[in-house]
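Visitor: I am new to this structure and should like to learn how its descriptions are justified. May I ask what lies behind each term as we proceed?

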Amino acid sequence: MAARIGIDLGGTKIELVVLADDGGVRWRKRVPTPQGDYEATLGTIAALVRAAEAVIGCTAAIGIGTPGSPSPRDGRIRNANSTCLNGRPLQRDLEALLGRPLRLANDANCLAMSEAADGAAAGARTVFAAILGTGVGGGIVVDGRLLVGANAVAGEWGHNPLPLPTAGELPLPACYCGRAGCIETYLSGPAMTADHLRHGGEALDAATIASRAARGDAACAATLARYEARLARALAGVINLLDPEVIVLGGGLSRIGRLYANVPRLWLAHVFSDQVVTRLVPAAHGDASGVRGAAWLWPAHTG
């Protein structure tokens, strides 16, 4: 049986999964990411691959999801919040270490691939997937193929400006990318915490804010309402440009259930159409979407 290996290279953990052609999981393991150590990260990935192939008894195709993306100019990683990866030829180094070609994509692209292949957007022709977590990113799949783009930045939604900022959203917050007012600075988990601290006086994480809002806490409910209005404006821009059939949300904030009813109601005012049939759905595979999508970077029957 052919097998694919997917690897999710995160800031705190590296996860590997072996998928069969039918999408079934044959083996899975998760280990901590060596912090700030590029060479140790390479070694950890190689050790995981060798362990997986010893279990399945064959050489598998390997796909890797990573923060940031490879530059089309020289293949070196750029824009990664795991900064030890930036400027490094990650794909080339891993191919040399493992002795075979591999495929590498941004983690949001892997989310999009996973959910378009056999997840919440299976069967849809055009899919946009957004990660709402420590950072904010996006990926696009059209007719089952990942859209990378001429500059390899297709789907980099989080570093566009938030549309129509209100007086309460000014001055524009600075972003680590060097710009100000990026969608990420309003829609990430840390952004929600900062917004609630500013308006509600407490430093709470997104899960706590959502839980308290569900129990009737007015300040937390107001924070979520502000967040929903911003998310609706930001996703309306995606619909106006890409017009996807499905928008899939992943990342920690995707677990806030009220988003899926409230945001589509709010985006109606900003979409340039007399109807909006785009569906907003949570990732069917949850936290496993990134690692599964990395495996799906290879077509079937590849080994």
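Guide: Let us begin with pairing: two strands pair if DSSP finds at least two bridges between them. Strands (E, at least two residues) and helices (H or I, at least four) are DSSP runs, numbered from the N terminus. The model is a predicted one, in which local features need pLDDT of at least 70 and side-chain atom pairs count only at pLDDT 80 or more, while totals for chains, interfaces and linings use all residues. Residues are numbered from 1 along each chain as its sequence is written, and side-chain values use heavy atoms, with hydrogens and water left out.

Visitor: What makes β1 and β2 a pair, and how do they run?

Guide: Seven bridges join β1 to β2, and the definition asks for at least two, so the two strands pair. They run antiparallel, and Ile7 stands opposite Leu16 in β2.

Visitor: Which strands stand at the edges of the sheet β3-β2-β1-β4-β7, and why?

Guide: This open sheet of five strands has mixed pairing. Its edges are β3 and β7 (103-106), because each has a single partner strand and so one side without a neighbour in the sheet. Neighbouring strands here are turned by 15° against each other on average, direction ignored; axes are lines fitted to C-alpha atoms, for helices over the stretch in contact, and angles run from 0 to 180 degrees between N-to-C directions.

Visitor: How do you know that α1 packs on the sheet?

Guide: Contact means heavy atoms within 4.5 Å, and α1 touches β1, β2, β3 and β4, with its direction at about 30° to that of β2. Helix α3 (residues 107-118) also packs on the sheet, touching β4 and β7, and makes about 100° with β7.

Visitor: What span is expected of α1, and what does the helix reach?

Guide: The expected span is 1.5 Å times one less than the number of residues. For the 19 residues of α1 (38-56) this gives 27 Å, and the helix reaches 28 Å from its first C-alpha to its last, close to that value.

Visitor: What makes Asp37 a cap of α1?

Guide: A polar contact is a pair of N or O atoms within 3.5 Å; within protein, one must be able to donate a hydrogen and the other to accept it, and residues adjacent in sequence count only if both atoms are side-chain atoms. A side-chain oxygen of Asp37 lies 3.3 Å from the backbone nitrogen of Glu39, at the N-terminal end of α1. Just after the helix, Gly57 takes a positive phi of about 75°.

Visitor: Why is Gly65 given the class it has, buried or exposed?

Guide: Buried means under 20% relative accessible area, exposed over 50%, and partly exposed in between (1.4 Å probe, protein chains only). At 1%, Gly65 is therefore buried. This residue lies in strand β4 (61-66), and its contacts beyond four places in sequence include Ile7, Leu9 and Ala294.

Visitor: Which class does Cys177 fall into, and which Cys220?

Guide: Cys177, at 28%, is partly exposed, whereas Cys220, at 1%, is buried.

Visitor: Why does Cys177 form no disulfide?

Guide: A disulfide is a pair of cysteine sulfur atoms within 2.5 Å. The closest cysteine sulfur to that of Cys177 belongs to Cys175 and is 3.7 Å away, so it is too far for a bond. By this rule, the count is zero disulfides.
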